[in-house]
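Subject: Handing over the structure

Hello,

Here is the structure I promised to pass on to you. Please open it first, and then read my notes underneath alongside it.

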Amino acid sequence: MSTDFTPPPMPGYGPPVPPPPPPVPPRKSRTALIAVAAAVVAAAVSALVTVGVSGDAEAKPAPTVTVTETAPADGARTDDDAAATDDGEATDSADGGEEDGVYALDDTAVYEPATEVALSGFERAVTGEYAEPENTPYLRFTVKVKNGGKKALDVTQLTVNCSYGKDGESSESVFDSDAGLEGGPETKLLPGRSLNVPWGCELPKGEKLIQIEVSPDFESDAAIFTGTVK
């Protein structure tokens with residue numbers, strides 16, 4: 001008997017490997033579960049309160065509030081009404097005030113600290129043959145300046161400019177020594193004193209609307225007086 005032993009051949013593949021077990025889903029945080037539960041309970045309580053208040057099982061949205069512009073009361077004056085005011089025969093004062101620098105012909109403009117400017121004595125006239133301009137219809141008036149401050153006011157810097165009509169036609173200042181129209185003052189105004197300066201501006205006979213701009217000195221803004229005259 002032979003002692004040689006040949007082992008059997010090894011198989012080409014081993015036994016199949018079993019698949020890995022499925023991953024275990026992570027456990028939800030206990031805190032997150034408590035928060036979700038609290039939110040559900042709050043929503044349920046809110047729905048019950050809504051039903052109890054409204055008497056309806058279905059919650060309704062709040063009404064929308066619409067804000068509208070209130071119409072002016074009867075007799076109130078609007079900007080459009082003021083613009084539509086017709087020129088009258090008598091002296092017609094335009095609305096104005098300290099905020100916008102526009103005043104009626106009979107108003108008083110007040111500057112800081114206490115300088116006041118006002119107009120008065122409106123009358124129509126015609127310049128003479130030696131005036132500048134000559135033989136020209138014009139409006140004569142008085143510019144009153146009051147110094148209510150504590151320092152002297154240099155009224156030699158007083159300026160007066162005029163225009164007339166709705167189109168703002170330039171109006172020349174009148175110089176007529178025979179009528180006492182010789183321009184601005186040549187002195188300073190002491191505290192507590194007033195000064196009346198006669199002035200004239202060209203105004204054709206057919207025109208009634210006049211605009212007069214007055215500055216008491218170079219440092220002050222012009223006060224605009226406007227209105228109609230007879």
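Let me begin in the strands: Leu119 has Val143 of E5 as its bridge partner. Please keep in mind throughout that this is a predicted model.

That pair belongs to the E4 and E5 pairing, an antiparallel one with 10 bridges. Another pair to look at there is Arg124, whose bridge partner in E5 is Leu139. E5 also pairs with E10, again in the antiparallel sense, over 9 bridges. Along that pairing, Phe141 stands opposite Trp199 of E10. On the other side of the story, E3 runs antiparallel to E4, with 4 bridges joining them. Val110 has Glu116 in E4 as its bridge partner, and the hairpin from E3 to E4 goes through 3 residues.

Stepping back, the protein has 2 helices and 12 strands. In sequence order the pattern reads α-α-β-β-β-β-β-β-β-β-β-β-β-β. Of the contacts in the protein with a separation of 6 or more, 64% are between residues 24 or more positions apart.

Now for confidence. The average pLDDT of the protein is 73, and 57% of the residues reach at least 70. Residues 28-38 have a pLDDT below 50, and this stretch has 1 contact in the model beyond near neighbours in sequence. Residues 44-96 also stay under 50 in pLDDT, and here the model has 41 contacts beyond four places in sequence. Where pLDDT is low, the predicted coordinates should not be read in detail. I would ask you to view both stretches, 28-38 and 44-96, in that light.

Next, the interior. Which residues touch the most other members of the largest nonpolar core? They are Phe141, Val143, Val160, Ile210, Ile212, Val214 and Phe225, in a core of 27 residues. At least two residues of this core come from each of E3 (108-111), E4 (115-126), E5 (137-147), E7 (159-164), E10 (194-202), E11 (209-215) and E12 (223-228). E5 gives the largest share, 4 residues. Two of the names should be familiar from the pairings: Val143 is the bridge partner of Leu119, and Phe141 stands opposite Trp199.

Phe225 is worth a look of its own. Leaving aside residues up to four places away in sequence, Phe225 touches Tyr103, Ala104, Leu105, Asp107, Ala109, Val117, Leu119, Ile210, Gln211, Ile212 and Val214. Among these neighbours, Ile210, Ile212 and Val214 are also on the list of core residues that touch the most other members.

The structure holds 1 disulfide. Cys162 and Cys201 form this link, with 2.0 Å between their sulfur atoms. The link is right-handed, with 55° about the S-S bond. Because Cys162 sits in strand E7 and Cys201 in strand E10, the pair ties together parts that are 39 residues apart in sequence. Are these cysteines buried or exposed? Both Cys162 and Cys201 are buried. For the protein as a whole, 25% of its 230 residues count as buried. The accessible surface comes to about 16800 Å², and carbon and sulfur atoms account for 54% of that.

Finally, some backbone details in the loops. Most residues other than glycine have a negative phi, and most peptide bonds are trans. Where, then, are the cis bonds to look at? One is the peptide bond from Glu112 to Pro113, with omega near 5°, and Pro113 lies in the loop between E3 and E4. Another joins Glu132 and Pro133, with omega about -5°; Pro133 is in the loop between E4 and E5. The loop between E4 and E5 also holds Asn135. Asn135 is not a glycine, yet its phi is positive, at about 50°. Its side of the picture is an open one in the sense that Asn135 is exposed, with a relative accessible area of 53%.

Do write back once you have had a look.

Best wishes

Technical notes
Residues numbered from 1 in each chain as written. Predicted model: local features only at pLDDT ≥ 70, side-chain atom pairs only at ≥ 80, totals over all residues. Heavy atoms only, no water. pLDDT = per-residue confidence, 0-100. Contact = heavy atoms within 4.5 Å. Core = buried A, V, L, I, M, F, W, Y, C linked by side-chain atoms within 4.5 Å. Buried < 20%, exposed > 50% of the residue type's maximum accessible area, 1.4 Å probe, protein only. Disulfide = S-S within 2.5 Å. Pairing = 2+ DSSP bridges. Areas by Shrake-Rupley, 256 points an atom, 1.4 Å probe, with all protein chains shown as cover.
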